[in-house]
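Trainee: I should like to request a close look at a single part of this structure. Please treat one strand and its surroundings in detail, and then place that strand in its wider setting.

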Amino acid sequence: MNIHFERSGGFAGIRLKHDIDVDALPEKIREELQKLIGAAAFFQLPDSIKATNPGADRFQYQITVDSGDRKHTVNVDDAAMPETLRPLVRWLTSPAQNR
Amino acid sequence: MNRRFHVCWVIPPHILTKLAESDEHREHALRTLALGERFRGRREVRSAFEGLAGVPAGEKRRTIYNAQNQTTLPGTLVRGEGDPATSDIAVTEAYDFSGATYDFYMNAYNRNSIDGRGMRLDSSVHYDQSFDNAFWDGRQMVYGDGDQTIFDRFTKCLDVVGHELTHGVTAATAALEYHGQSGALNESMSDVFGSLVRQMQSGQTADQADWLIGAGLLLPVIHGVAIRSMKAPGTAYNDPQLGRDPQPATMSDYLNTSDDNGGVHINSGIPNHAFYLAAIAIGGNAWEKAGKIWYVTLTQRLVPNADFQAAADATFDVAGNLYGPNSPEQKAIADAWNGVGLTPAGSTGSQVTVPSGDASGDTAVASTKKSKTTKPSKKQKKKKKRP
């Protein structure tokens, strides 16, 4: 399984982007990540989740999960983030740790 | 619009090995959409404050909430106007800096709060977990704690607070659409007045100011002095983790991108730099003349889809109205826009003289796109939105 993650916008306007080879992660982390994807019902989410009033300086996210047999991309505004998806986004944006 | 996707400053992959917080998050996993939660919560809180609606004009009314590392807004009320300080520095900063911004708008432009009618200034701190952002959600200011690896807390800088509050002022006036050039103008207005709040607070003239936005927000380990520089866009940071500050200073480096609502935080470097050049050329306190010209332009002249050319045209025209045609101030505005590659309509530097406030028709202004319209000029009666 692969995850492609991008975050743009925000006050700083600094783009965050990474690809994660989930299969290469230690088993415990892999299982946690798979639970987060499951809890988000990621493959059932709409392609685009846009805010009607996005305000200003908010983040936009693009997340692609490719599990081999299934591949899905979600574009979501921070202002319209489903709470079920937020834990996965928090995981993907948590401070960088060197592998 | 712009389909090309140029990114010359990609952050090296943030590779993650720790999953620290998933257990506590899972309990929230079955919640419904955040937006619905937020609006429900807000209505309840707002109704509790309806009694404050009659506070006399010209008084600050600040309320600070603690979002307690969740994403439901506004959170728990922790400090109202006149309440004593708490031990929470983020609360203190949000309170003090939103107050300084209120005072700035009142003292510099006689503006009573965001809407000009004494609107209460609501701020929520400790939004989400390790959240690397501050934003305006359409009604209030919201601040994250920062990840404490790259970013410090977002209440730390007065100009960041001034930036967020100015998004409210823009929403209440020109309502600049948050994409493309109008979005970059929206961003630039927030940087301009955010910087001016700090300059007034510090008692700095244009040549004494650092013209940085978010100085101190990046932790010392990061190679950078700030998030943006109005004096020298593109030089605020250059770091292996963050990449390089991507801001252009002139139209020749305008970045076409679909990212960030069309690069609103990137191309804002161009009008930011124009303001800097104007303020330096005029001299003295930047909020007095250059700031006044920009303020009148924002609140009375720009329309929601205004582009950079419209801002150049309007500021030039406003400078003529305020300080006289061919005044040093008006010439400074023309020179400033020329310095970033734009020629205000009606200025001597342009190829064709366009009647003020009317850039329609087939006039071609050298090297620039045709302007989006500005509001009809001069003595037109000020028309404000009454929500």
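Mentor: What follows is a connected account of one strand of chain B, its partners and its setting.

The model is a predicted one, and the part chosen is strand S3 of chain B, residues 121–125. This strand is mostly covered, five of its five residues being buried. In a regular strand, side chains alternate between the two faces of the sheet. For S3(B), one side carries B:Leu121, B:Ser123 and B:Val125, while B:Asp122 and B:Ser124 are on the other, and both faces are covered.

The pairing of S3(B) may be taken next. Strands of a sheet pair through backbone hydrogen bonds, in either a parallel or an antiparallel manner. Strand S1 of chain B, residues 62–66, runs parallel to S3(B) and is joined to it by five bridges. Within this pairing, B:Ser123 of S3(B) is the bridge partner of B:Ile64. Strand S5 of chain B, residues 141–143, also runs parallel to S3(B), and here two bridges make the connection. In that pairing B:Ser124 stands opposite B:Val142 of S5(B).

The loops that follow these partner strands contain backbone features of their own. Most residues other than glycine have a negative phi, and most peptide bonds are trans. In the loop between S1 and strand S2 (76–80) of chain B lies B:Pro74, and the peptide bond leading to B:Pro74 from B:Leu73 is cis, with omega near 5°. The loop between S5 and H4 of chain B holds B:Gln148, a residue other than glycine whose phi is positive, near 65°. B:Gln148 has 12 other C-beta atoms within 10 Å and is therefore exposed. Beyond H4, in the loop between H4 and helix H5 (180–202) of chain B, B:Ala175 is found. Its phi is also a positive value, near 50°. B:Ala175 counts as partly exposed because 16 other C-beta atoms lie within 10 Å.

The wider setting is given by the domain assignment, in which chain B has domain 1 (63–172) and domain 2 (177–377). The C-alpha centres of these two domains of chain B are 24 Å apart. Their contact draws on 19 residues from domain 1 of chain B and 26 residues from domain 2 of chain B. On the side of domain 1 of chain B that touches domain 2 of chain B, helix H3 (89–109) and helix H4 (158–172) of chain B each supply at least two residues. H4(B) gives the most to that side, with eight residues. By class, this side of domain 1 of chain B comprises 10 nonpolar, six polar and three charged residues.

The largest nonpolar core has 97 residues, and those touching the most other members are B:Ala94, B:Tyr143, B:Phe275, B:Ala278 and B:Ile333. At least three residues of this core come from each of domain 1 and domain 2 of chain B. Leaving aside neighbours within four places in sequence, B:Phe275 is in contact with B:Val192, B:Met230, B:Ala290 and B:Trp294. A second, separate core of 19 residues includes A:Leu33, A:Leu36, A:Phe42 and A:Leu85.

Notes: Residues numbered from 1 in each chain as written. Chains lettered and ligands numbered in written order. Predicted model: local features only at pLDDT ≥ 70, side-chain atom pairs only at ≥ 80, totals over all residues. Buried ≥ 20, exposed ≤ 12 C-beta atoms within 10 Å, placed from the backbone. Helix = DSSP H or I, 4+ residues; strand = E, 2+ residues; numbered from the N terminus. Pairing = 2+ DSSP bridges. Domains from an automatic or database assignment. Contact = placed C-beta atoms within 7 Å. Nonpolar A, V, L, I, M, F, W, Y, C, P; charged D, E, K, R; others polar. Core = buried A, V, L, I, M, F, W, Y, C linked by C-beta atoms within 7 Å.
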